[in-house]
Amino acid sequence: MKYETTVTELEASLRTKPWVWVTDKGKWVRPKHMASEHIFNAVIMLFNHSVSPRFQVNPGHRRYSNVAKWPAAYKAFAVRKLLRELKTREIEPGHAAQLEDMAQ
């Protein structure tokens, strides 16, 4: 992934093709093909990389050094895309509670 890409360039490219999540192993996956648990963990990971440790959910969650290089606007965009898919599914009550904590 080219980290210097601006959010405007990113959004322009997304208009012509579906958005995909890139796993830590480099696999490209559309959210509708991801397991609910994977989507949930991706959202938590992005959230935790976007807030101070005091506000992190599930503080022991994995951290990736390259995520710090991603533009904040892209992380927010990815969370919106992932949450949009996650809202179409039934999730564990504990996961729903964690998502609710993040929203506050």
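User: Which residues are exposed on the other side of helix 4?
Analyst: In this predicted model, P93, D101 and A103 are the exposed ones there.

User: And which helix 4 residues are buried?
Analyst: H95, Q98, L99 and M102, in a helix that runs over residues 93–103. Looking down the axis of helix 4, those buried residues fall within an arc of 100 degrees, so they line one face of the helix.

User: Why would that spacing put residues on one face?
Analyst: An α-helix has 3.6 residues a turn, so residues three or four places apart point the same way.

User: What do the buried residues of helix 4 pack against?
Analyst: Helix 2 (36–48) and helix 3 (72–86).

User: Switching to charges. How many salt bridges turn up in the whole structure?
Analyst: Two. One joins the side chains of K25 and D24, at 3.8 Å from N to O. The other is E85 with R89, where the closest N and O atoms are 3.0 Å apart.

User: E85 and R89, buried or exposed?
Analyst: Both E85 and R89 are buried.

User: And K25, buried or exposed?
Analyst: K25 is exposed, with a relative accessible area of 72%. Its partner D24 comes out as partly exposed, at 48% relative accessibility. The cut-off for exposed is over 50%, so D24 falls in the class in between.

User: OK, aromatics now. How many aromatic pairs are there?
Analyst: A search of the whole structure gives four. Among them is W19 with W21, a tilted pair at 6.3 Å centre to centre and 50 degrees between the planes. W19 and W21 are both buried.

User: What does W19 do with F77?
Analyst: W19 and F77 form an edge-to-face pair, 6.5 Å centre to centre with 75 degrees between the planes.

User: Where do W19 and F77 sit?
Analyst: W19 is in the loop between helix 1 (7–14) and strand 1 (21–22), while F77 is in helix 3, so the pair ties together parts that are 58 residues apart in sequence.

User: How accessible are W19 and F77, relatively speaking?
Analyst: W19 has 8% relative accessibility and F77 has 14%. Buried means under 20%, so W19 and F77 both count as buried.

User: Last one: which residues form the aromatic cluster?
Analyst: W19, W21, W70, Y74 and F77 form one cluster.

Key:
Residues are numbered from 1 along each chain as its sequence is written. This is a predicted model: local features need pLDDT of at least 70, side-chain atom pairs count only at pLDDT 80 or more; totals for chains, interfaces and linings use all residues. Side-chain values use heavy atoms; hydrogens and water are left out. Buried means under 20% relative accessible area, exposed over 50%, partly exposed in between (1.4 Å probe, protein chains only). Helices (H or I, at least four residues) and strands (E, at least two) are DSSP runs, numbered from the N terminus. The arc is that of the directions from the helix axis to the C-beta atoms. Contact means heavy atoms within 4.5 Å. A salt bridge is a side-chain nitrogen of Lys or Arg within 4 Å of a carboxyl oxygen of Asp or Glu. Rings of Phe, Tyr and Trp (its six-membered ring) pair if their centres lie within 6.5 Å; planes under 30 degrees apart count as stacked, over 60 as edge-to-face and the rest as tilted.
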